[in-house]
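User: I am new to reading protein models. Please take me through this one step by step.

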Amino acid sequence: MAQSGVGAAPNPNYHVRHDWLARGTEEVLEPDLPIVDPHHHLWDRAETGRYLLDDLLGDLNSGHNITQTVFLQCHSMHRADGPEEMRPVGEVEFVNGVAAMSASGNYGKTKICAGIVGTADLALGAAVEKVLEAEVRAGGGRFRGIRYITATDAKAAQELTQFRKEGLLLDAKVREGFARLSAMGLSFDAWLYHPQIPELTDLARAFPETPIVLNHVGGAIGLGPYAGHRDEVFAEWSGHIRALGACPNVYVKLGGLGMRMFGFDVQAQDLPPASERLAELWRPYLETCIAAFGVERSMFESNFPVDKTSCSYRALWNAFKRVASGCSAAEKAALFSGTAAKFYRL
Amino acid sequence: MAASTPVSPTGHFTPRNDWLARHTEAVLEPDLPIVDPHHHLVERPETGRYLLPELLADTNSGHNIVGTVYLEWLSMYRAAGPAEMKPVGEIEFANGVAAMAASGIYGKTRACHGIVGYADLSLGAAVEKVLEAQIEAGGGQVGKKGGGRFKGIRYISATDPDQAAWGSPVTRAPGMLMQPKVREGFAKLGSLGLTFDSFMFHPQIRDLTDLARAFPGTPIVIDHVGGAIGLGRYKGKRDEVFADWNRSMKELATCPNVHVKLGGLGMRVFGFDVHERPEPPNSETLAGLWRPYIEACIAAFGADRCMFESNFPVDKGSGSYQVFWNAFKIIAKGCSASEKTALFSGTATKFYKLGA
């Protein structure tokens with residue numbers, strides 16, 4: 001679009017270098033394996049660049065067999081006016097429109113945005129219900145739940161540029177809002193950093209009926225004061241992951257490892273990483289999650305276009321296929337489509 | 001648009017951006033607020049692409065377009081599910097575009113602030129569940145009049161025995177608006193607080209007059225000044241057609257629930273053939289061609305029941321968005337400030353309840 005949002009400078013966390021990505025090519029592995037991508041965004045802001053239907057289609061049609069996708073909230077197209085708490089409803093309307101374009105069949109076989117995850121301010125307490133109701137209506141049957149980001153870390157505040165109050169998931173008012181989710185048949189996407197995982201475990205135990213999915217393997221930080229301490233972080237992170245995995249209502253999204261915050265720094269190389277390299281870097285995290293949650297509660301995700309800062313869509317799914325190469329057909333079906341379809345009721 | 005043939009498979013002119021680019025002109029009265037109450041968004045092989053970026057390029061070409069109303073044109077129908085519900089996909093799509101515009105990041109124009117869809121009125125009373133789904137898809141709630149962007153439907157009844165010979169891909173039965181089953185469906189509009197957009201050709205206007213009298217409580221708007229045909233057996237008989245058309249429009253205007261959209265005159269059916277010119281028309285030329293029709297409508301209906309419309313991109317085969325609104329402003333030059341407000345924004349806002 002000609003006039004993307006103005007004001008913000010391009011953010012390195014979202015800066016996709018198409019020319020760099022184009023330097024790497026590889027064959028698609030298991031091109032027939034059906035994939036549900038349960039986590040991608042659509043946006044058009046100066047800060048993020050543009051990633052709308054055309055851009056997503058370019059990735060979906062790059063060789064893997066993507067049958068359905070789930071949109072994740074990212075502050076896209078919030079209403080410019082009206083009551084503050086209702087502004088995120090605009091994002092659900094926008095995405096339902098994209099889903100309708102896809103459902104026309106004019107843009108290929110992938111059912112794009114077949115599920116929609118929006119956001120709502122849980123700190124509204126019980127009053128969040130009317131926001132959720134509006135989102136259910138705006139989603140035309142596709143709205144599945146919300147993400148409420150609580151990611152924050154005082155130690156790496158400078159590197160992560162995410163400033164939020166600590167302990168949001170322990171806040172009584174937030175939990176009052178959270179309680180509305182299961183009553184309405186909605187799911188919860190959690191995004192937080194590894195030191196915060198115990199807060200989610202506490203929440204999941206308090207609400208055993210609410211389906212919860214941890215995003216991006218629980219955000220093991222590899223930047224700032226955590227840089228150079230990968231083994232220590234891994235040990236702390238994996239302990240938290242095993243405790244969380246013991247909550248039967250919690251699922252995990254296997255991905256997001258292309259984000260800068262994990263500290264793999266693949267962007268510094270001349271060539272974009274091949275899937276072999278990505279699989280090597282990501283395998284310990286993915287395998288630990290699968291061991292803790294089982295394939296029935298694990299789902300691979302692209303987290304595009306955020307992870308597009310590190311690799312192409314083709315290389316990303318090839319990397320996941322390499323990591324899963326020892327799995328049975330049934331396990332693969334769960335990891336690449338079944339768990340996502342079940343969790344998001346697709 | 002890829003195709004360069006003057007007539008597209010839709011039977012309409014193909015917009016040719018290279019031809020249109022050969023003429024630009026200063027925008028008249030650039031501050032006058034305009035609500036464009038009739039445009040489409042579409043992407044099909046036979047139409048080319050006209051989505052939000054293409055619309056914005058037009059609405060940002062100099063005039064002060066504060067809002068628009070989306071009109072159905074077979075866009076983004078659902079590929080699967082019950083046949084009667086397929087047009088609900090178009091409302092979801094348009095509402096999504098409206099949400100993009102309402103985010104404010106694409107400028108001030110509230111694109112698709114109102115949405116007019118399609119539902120098959122010949123379903124009779126059973127059309128109600130389609131209309132209810134469309135109200136909800138537009139962000140409204142059934143039973144709460146005035147909520148949401150979905151405002152009503154268009155049900156095209158335009159037909160002529162020569163239509164196929166003109167190259168139109170569509171043929172419809174005559175007298176659709178007179179059918180009892182269609183009227184049974186039509187009756188649901190009023191009870192749901194919805195509007196009716198009618199597109200037909202001038203020999204059919206009396207059908208709409210009959211319908212409007214049968215349903216005096218339903219807000220009706222006749223699209224494209226009532227479709228005075230200038231093709232086929234009507235070619236070369238402009239005066240005769242005008243007289244017949246004008247009589248029918250005056251009769252229609254006696255129904256207080258009927259409004260008229262001033263535009264669509266760039267469509268092929270009107271027979272002005274400006275697309276054949278080596279240079280695209282300027283606004284003086286278009287105003288000269290269109291003035292008699294538009295003035296006759298304003299005289300019959302009054303400014304409070306008339307609204308200028310772009311009918312883009314269908315009309316884009318005959319001139320640019322910038323030139324079109326200049327042409328309308330030239331025609332309206334003699335109007336008072338309050339009449340201009342009505343013609344360019346007020347009537348559309350009131351008819352489609354865009355404030356609500």
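User: What radius of gyration does chain B have, set against that of a compact globule?

Analyst: This is a predicted model, in which local features need pLDDT of at least 70, side-chain atom pairs count only at pLDDT 80 or more, and totals for chains, interfaces and linings use all residues. Residues are numbered from 1 along each chain as its sequence is written, while chains are lettered from A and ligands numbered from 1 in the order in which they are written. The radius is taken over C-alpha atoms, and the globule rule is 2.2 Å times the number of residues to the power 0.38. For 356 residues the rule gives a value near 21 Å, which agrees with chain B at 19 Å.

User: How much of chain B is buried?

Analyst: A residue is buried if 20 or more other C-beta atoms, placed from the backbone, lie within 10 Å of its own. Of the 356 residues in chain B, the buried share is 54%.

User: Which residues have the most contacts inside the largest nonpolar core?

Analyst: Such a core joins buried Ala, Val, Leu, Ile, Met, Phe, Trp, Tyr and Cys residues through C-beta atoms within 7 Å. The largest one holds 204 residues, and the most contacts inside it belong to B:Val97 and B:Cys297.

User: Which residues does B:Cys297 touch?

Analyst: Contact means C-beta atoms, placed from the backbone, within 7 Å. Leaving out residues up to four places away in sequence, B:Cys297 touches B:Val225, B:Met249, B:Val260, B:Leu262 and B:Cys306.

User: How many residues of each chain meet between chain A and chain B?

Analyst: The same contact rule applies, C-beta atoms within 7 Å. On chain A there are 26 residues in contact, and on chain B 26.

Conventions
A residue is buried if 20 or more other C-beta atoms lie within 10 Å of its own, exposed if 12 or fewer, and partly exposed in between; C-beta atoms are placed from the backbone. Two residues are in contact if their C-beta atoms, placed from the backbone, lie within 7 Å.
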